[in-house]
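Here are my notes on the model you sent round, set out as numbered points. Please read them with the structure open.

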Amino acid sequence: MIRCAFVLFALTPLAVAAPVPKESETEKIKKLYGEIVDPDKDCKFKLDGEKLLITMPGGKRYEYWDLDEKPPWNQANDWKALTNCPRVLREIEGDFVVTVRAYASLPKEPKPAEGTLAEAGAGIIVVNDKGRVWRAGTHDFLSGKGQRDLMAIIPGSHGPSGFELTPGSEGVGLDMRFVRQGDRIRLEHTNDGKKWFGGFSTAVDKEGKLKVGVYGFSNSKSDTTVTFEKFEVKPVEKK
């Protein structure tokens, strides 16, 4: 009897644990950066390690405000809802610091999809629940007359305005951060990752949640890819 029981036990199949599903590219991006927002559903979002690459197809303009309305730099209380610029966003409440290193360079022999100014841009974007936008980034411009401008832009600026940048081996890169404290948001930059400088600040919603993340901008007849790395969102503890 003991021998038979042993044989039956040996023939009983063992339970095998189900394999853990492999994490998708979209899930990885969500974990590292946030939810993908692609209004025209034609941009590509890809990870290279922990770097995020956003590719915008050529032949159209990817904008972050409605050009049919009055530009936001004319009236302090006039803004536009986001339109079709690709972005990745996460929600946060209270005071925070959002940091990123962004790269944006126009493709070779760029020609604008609209107007006379070819442009590529990438940076930080902050959005409230009404669609108001605060953004800062690195932008590469080329006018129809051949003038090239590599600029760090600030909230409310339009076109090649801000301060001039020098391109590096990976393109026009910039380390930047937004610091929200109460009803103000402050823009800062760094050259070494240690000392931050800035001074520009503007009003934001005093209470409630905001969405923060990164955006891509393009006005080119050729595909344009922008890159992000060292992205981080941290709450600021009140003293």
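1. The lining of the second largest pocket divides into five nonpolar, six polar and three charged residues. Please keep in mind that the model is predicted. The pocket in question, the second largest, has a volume of about 220 Å³.

2. The lining of this second largest pocket consists of 14 residues. Those nearest the centre of the pocket are Gly173, Leu174, Asp175, Thr190 and Asn191. At least two lining residues come from each of three strands, namely E6 (96-104), E11 (173-181) and E12 (184-190). Strand E11 gives the largest share, with three residues.

3. Asp175 deserves a separate entry. This residue belongs to strand E11 and is among the residues nearest the centre of the second largest pocket. Is Asp175 buried or exposed? Asp175 has a relative accessible area of 18%, so it counts as buried, the limit being under 20%. The side chain of Asp175 makes a polar contact of 2.9 Å with the side chain of Arg101.

4. Strands E11 and E12, which both contribute to the pocket lining, are also joined by a salt bridge: Glu188 lies in strand E12 and Arg177 in strand E11, 11 residues apart in the chain. The closest approach of the two side chains, N to O, is 2.6 Å. Glu188 is buried, with a relative accessibility of 10%.

5. How many salt bridges does a search of the whole structure find? The search returns 11. Besides the pair of Glu188 and Arg177, two that share Lys60 are worth looking at together.

6. In one of these two, Lys60 pairs with Asp40, and the closest N and O atoms are 2.7 Å apart. This pair links distant parts of the chain, 20 residues apart: Lys60 is in strand E4 (residues 60-62), while Asp40 is in the loop between strand E1 (35-37) and strand E2 (44-48). In the other, the side chain of Lys60 meets that of Asp42 at 3.0 Å, N to O. Here the separation along the chain is 18 residues, with Asp42 also in the loop between E1 and E2.

7. Which residues are linked in a network of salt bridges? They are Asp40, Asp42 and Lys60. Each of the three falls in the partly exposed class: Lys60 has a relative accessible area of 24%, Asp40 of 33% and Asp42 of 25%.

8. On cysteines, a search of the whole structure finds zero disulfides. Why does Cys43 not form one? The cysteine sulfur closest to that of Cys43 belongs to Cys85 and is 9.0 Å away, which is too far for a bond. A disulfide would need the two sulfur atoms within 2.5 Å. Looked at from Cys85, the closest cysteine sulfur is that of Cys43, at the distance of 9.0 Å. Cys43 counts as buried at 10% relative accessibility, and Cys85 is buried as well, at 0%.

9. Two backbone angles should be checked by eye. Most residues other than glycine have a negative phi, and for this reason positive values are listed here. Glu109 has a phi near 50°, a positive value in a residue other than glycine. Glu109 sits in the loop between E6 and strand E7 (117-127), and at 73% relative accessibility this residue is exposed.

10. The second such angle is that of Lys230, where phi is near 55° and so positive in a residue other than glycine. Where is Lys230 placed? Lys230 is in strand E15 (residues 224-235), whereas Glu109 is in a loop. Lys230 is exposed, its relative accessible area being 55%.

Technical notes
Residues are numbered from 1 along each chain as its sequence is written. This is a predicted model: local features need pLDDT of at least 70, side-chain atom pairs count only at pLDDT 80 or more; totals for chains, interfaces and linings use all residues. Side-chain values use heavy atoms; hydrogens and water are left out. Buried means under 20% relative accessible area, exposed over 50%, partly exposed in between (1.4 Å probe, protein chains only). On a 1 Å grid over the protein atoms alone, a cavity is a set of points where a 1.4 Å probe fits but cannot get out, and a pocket is an open set with protein on both sides within 12 Å along at least five of seven lines; lining residues have an atom within 4 Å of a point. Grid points are joined across faces, edges and corners, and a volume is the space filled by probe spheres set on the points. Helices (H or I, at least four residues) and strands (E, at least two) are DSSP runs, numbered from the N terminus. Ala, Val, Leu, Ile, Met, Phe, Trp, Tyr, Cys and Pro count as nonpolar, Asp, Glu, Lys and Arg as charged, and the others, Gly among them, as polar. A salt bridge is a side-chain nitrogen of Lys or Arg within 4 Å of a carboxyl oxygen of Asp or Glu. A polar contact is a pair of N or O atoms within 3.5 Å; within protein, one must be able to donate a hydrogen and the other to accept it, and residues adjacent in sequence count only if both atoms are side-chain atoms.
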